[in-house]
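Me: I'd like a close look at one helix in this model, and at what surrounds it. Could you walk me through it in plain words?

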Amino acid sequence: MDILAASEDIKTLYRNGITSEDRWAVASKAFHEALAEATDPAPLEEVVLRDENWEISVDLRTALLERAKALGASSHAFLCEYY
């Protein structure tokens, strides 16, 4: 699963009020795996910028921001979110 799809799964759970710990664990694991496999900062930046309402949890968002920065993400919009 790519990071865009993994982030959309997280947002869907949030939007639909899904409280199943199992569903959240699966979605979180998929997100972390996709994040670890990412080698291009562009899709990571896109995920950050699409998450205007902070539907991705703070811990996942922090991991996303750190990975994107480590891969060289440097657009003005991204850096505003990062800092």
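Reply: Let's start with Glu 37, which lies in helix H2. Keep in mind that this is a predicted model. Glu 37 is exposed, because its relative accessible area of 60% is over the 50% cut-off. In space, Glu 37 is 8.8 Å from Ile 3, C-alpha to C-alpha, with the two positions 34 residues apart in sequence numbering.

Now the helix as a whole. H2 has 17 residues, and at 1.5 Å a residue they should span 24 Å; the end C-alpha atoms are 24 Å apart, so the two values agree. Which residues of H2 are buried? They are Ala 27, Ala 30, Phe 31, Ala 34 and Leu 35. Looking down the axis, the buried residues of H2 fall within an arc of 135°, so they line one face of the helix. The spacing fits the general picture: an α-helix has 3.6 residues a turn, so residues three or four places apart point the same way.

Glu 37 belongs to the other side. The face of H2 turned away from the buried side carries the exposed residues Glu 21, Asp 22, Val 26, Lys 29, Ala 36 and Glu 37.

What covers the buried side? H1, H3 and H4 are among the elements that cover the buried residues of H2. These helices turn up again in the largest nonpolar core, which has 19 residues, and Ile 3, Phe 31, Leu 44 and Leu 64 have the most contacts inside it. Helices H1 (3-15), H2 (21-37), H3 (41-50) and H4 (58-70) each give two or more residues to this core. That suits a broader tendency: in soluble globular proteins, nonpolar side chains tend to be buried together.

Leu 44 is a good place to see how this part is knit together. Setting aside neighbours within four places in sequence, Leu 44 is in contact with Ile 3, Leu 35, Ala 38, Leu 64, Arg 67, Ala 68 and Leu 71. Leu 35 is one of the buried residues of H2, and Ile 3 is the residue paired with Glu 37 in the 8.8 Å distance above.

Beyond the helix, the rings are worth a glance. The whole structure has two aromatic pairs. In one of them, Tyr 82 and Tyr 83 have ring centres 4.8 Å apart and planes at 85°, so the pair is edge-to-face. Charged ends also sit over rings: Arg 61 over Trp 54, 4.0 Å from the ring centre, and Lys 69 over Tyr 82, 5.7 Å from the ring centre.

Methods
Residues numbered from 1 in each chain as written. Predicted model: local features only at pLDDT ≥ 70, side-chain atom pairs only at ≥ 80, totals over all residues. Heavy atoms only, no water. Core = buried A, V, L, I, M, F, W, Y, C linked by side-chain atoms within 4.5 Å. Buried < 20%, exposed > 50% of the residue type's maximum accessible area, 1.4 Å probe, protein only. Helix = DSSP H or I, 4+ residues; strand = E, 2+ residues; numbered from the N terminus. Contact = heavy atoms within 4.5 Å. Phe/Tyr/Trp six-rings, centres within 6.5 Å; stacked < 30°, edge-to-face > 60°. Lys NZ or Arg CZ within 6 Å of the ring centre and 35° of its normal. Expected span 1.5 Å × (residues − 1). Arc of directions from axis to C-beta.
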